[in-house]
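Work through the exercises below with the model open. Try each task before reading its solution.

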Amino acid sequence: MNIISFKKIDSTNTYVKSNIENIEDKTIISVDAQTQGHGRFGRVWVDLGAENIYMTFCLKPSEKIEPVYANLTQYLSVCLCKEFETFGLNPQIKWPNDVLVSNKKICGILAETVIKRGMLKGIALGIGINVKSSLPAVGAIDRPVTALNLEGVSISKNDLINSLAKRFFDGYEDFLKHGFKAIKSDYEKFSIPLGELNLAIFNKIECGNFAGFDDDGNLLLQKNDSVVKINMGEII
Ligand code: BTN
């Protein structure tokens with residue numbers, strides 16, 4: 001495992017995508033500051049200062065695109081929950097991959113792919129973790145957000161990067177081989193309790209009752225007489 005650190009760049013995901021041919025498989029890019037950190041649905045990922053984690057795994061598992069790559073964000077969310085459990089926290093996952101503590105978001109994960117002529121050149125699997133912030137700073141974000149220090153955990157960002165990366169790569173080959181099934185029971189254990197659901201999928205809202213996760217990490221939504229598989233969007 002190779003970690004390359006920078007003081008400030010636009011975004012670790014953008015850096016990995018732009019330099020994919022020159023970055024080795026399993027390299028981690030970590031920075032102190034991002035000027036254009038971004039999240040799912042084109043949202044801004046707010047920079048909360050240098051003590052927080054902004055990092056991207058550069059992954060090149062194969063040139064052929066395999067369905068399991070779509071579950072890497074869920075795999076990383078489970079790895080992070082296991083790390084947080086070692087701090088005595090009760091982390092939860094909000095499908096598909098938001099990690100929450102005390103019902104507030106503490107981490108965001110975004111996977112972006114580089115595909116050229118039908119071949120997968122690599123995956124930029126980015127993660128932002130709020131390690132140290134202040135109540136006014138998290139309060140200024142337009143949704144409930146927390147940080148490890150605000151939950152009573154004091155850890156250095158480098159220690160967390162190292163232990164998370166070790167945990168991620170220790171289980172990585174097994175995960176690639178077996179897919180979401182390899183993490184399904186852990187994922188279900190960490191999932192927030194789900195019941196009646198509203199899901200935002202692009203500009204559409206889907207309503208129904210939670211009917212479980214399938215073996216591919218899709219959320220199953222019971223709607224009247226049918227069960228619909230949802231593979232994108234977010235719970236609102
Ligand atoms: C989300 O919750 O919407 C995903 C947020 C992902 C943020 C991380 S921070 C490191 C990496 N670089 C980015 O620009 N985004 C990801």
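The exercises start at the ligand and then move to single residues and the backbone.

The model is predicted, so local features need pLDDT of at least 70 and side-chain atom pairs count only at pLDDT 80 or more, while totals for chains, interfaces and linings use all residues. Residues are numbered from 1 along each chain as its sequence is written, and side-chain values use heavy atoms, with hydrogens and water left out.

**Exercise 1. The ligand shell**

Task: Find how many residues surround the ligand, and which are the closest.

Solution.
- Step 1: Apply the cut-off. A residue is near a molecule if one of its heavy atoms lies within 4 Å of it.
- Step 2: Count. The ligand is surrounded by 20 residues.
- Step 3: Pick out the closest: S11, Q34, H38, R40 and K105.
- Step 4: Sort by class. The shell holds 11 polar, six nonpolar and three charged residues. Here Ala, Val, Leu, Ile, Met, Phe, Trp, Tyr, Cys and Pro are nonpolar, Asp, Glu, Lys and Arg are charged, and the others, Gly among them, are polar.

**Exercise 2. Elements around the ligand**

Task: Which helices and strands each supply at least two residues of the shell around the ligand?

Solution.
- Step 1: Fix the elements. Helices (H or I, at least four residues) and strands (E, at least two) are DSSP runs, numbered from the N terminus.
- Step 2: Read them off. They are helix 1 (12-18), strand 3 (53-59), strand 6 (104-116) and strand 7 (119-129).
- Step 3: Rank them. Strand 6 gives the most, with four residues.

**Exercise 3. Polar contacts and cover**

Task: Describe the ligand contacts of T12, H38 and K105, then state how much of the ligand the protein covers.

Solution.
- Step 1: Set the criterion. A polar contact is a pair of N or O atoms within 3.5 Å; within protein, one must be able to donate a hydrogen and the other to accept it, and residues adjacent in sequence count only if both atoms are side-chain atoms.
- Step 2: Take the side chains. A polar atom of the T12 side chain is 3.1 Å from a ligand nitrogen. For K105, a polar side-chain atom is 2.6 Å from a ligand oxygen.
- Step 3: Take the backbone. H38 places a backbone N or O atom 2.7 Å from a nitrogen atom of the ligand.
- Step 4: Add the cover. On its own the ligand has 420 Å² of accessible area, and the protein covers 98% of this. Accessible areas come from the Shrake-Rupley method with a 1.4 Å probe; for residues, only the protein chains shown count as cover.

**Exercise 4. Buried or exposed**

Task: Are T27, V16, A137 and F202 buried, partly exposed or exposed?

Solution.
- Step 1: Recall the limits. Buried means under 20% relative accessible area, exposed over 50%, and partly exposed in between (1.4 Å probe, protein chains only).
- Step 2: T27 lies in strand 2 (residues 27-34). T27 is buried because its relative accessible area is 1%. Its side chain reaches the backbone oxygen of E24 at 2.7 Å.
- Step 3: V16 sits in helix 1. Its value is 0%, so V16 is buried. V16 and G122 are 106 residues apart in sequence, yet 8.7 Å apart in space, C-alpha to C-alpha.
- Step 4: A137 belongs to helix 3 (residues 135-139). At 30%, A137 is partly exposed. A137 and L48 are 89 residues apart in sequence and 7.2 Å apart in space, C-alpha to C-alpha.
- Step 5: F202 is in the loop between strand 8 (196-201) and strand 9 (204-213). F202 reaches 70%, so it counts as exposed. F202 and S191 are 11 residues apart in sequence but 23 Å apart in space, C-alpha to C-alpha.

**Exercise 5. Backbone geometry**

Task: Where is the cis peptide bond that joins W95 to its partner, and what phi do S102 and R117 have?

Solution.
- Step 1: Check omega. It is about 0 degrees between W95 and P96, which a cis peptide bond joins. P96 lies in the loop between strand 4 (92-94) and strand 5 (98-101).
- Step 2: Check phi at S102. It is positive, about 50 degrees, although S102 is not a glycine. S102 is in the loop between strand 5 and strand 6. S102 is partly exposed, at 42%.
- Step 3: Check phi at R117. R117 is not a glycine either, and its phi is positive, about 50 degrees. R117 is in the loop between strand 6 and strand 7. At 80%, R117 is exposed.
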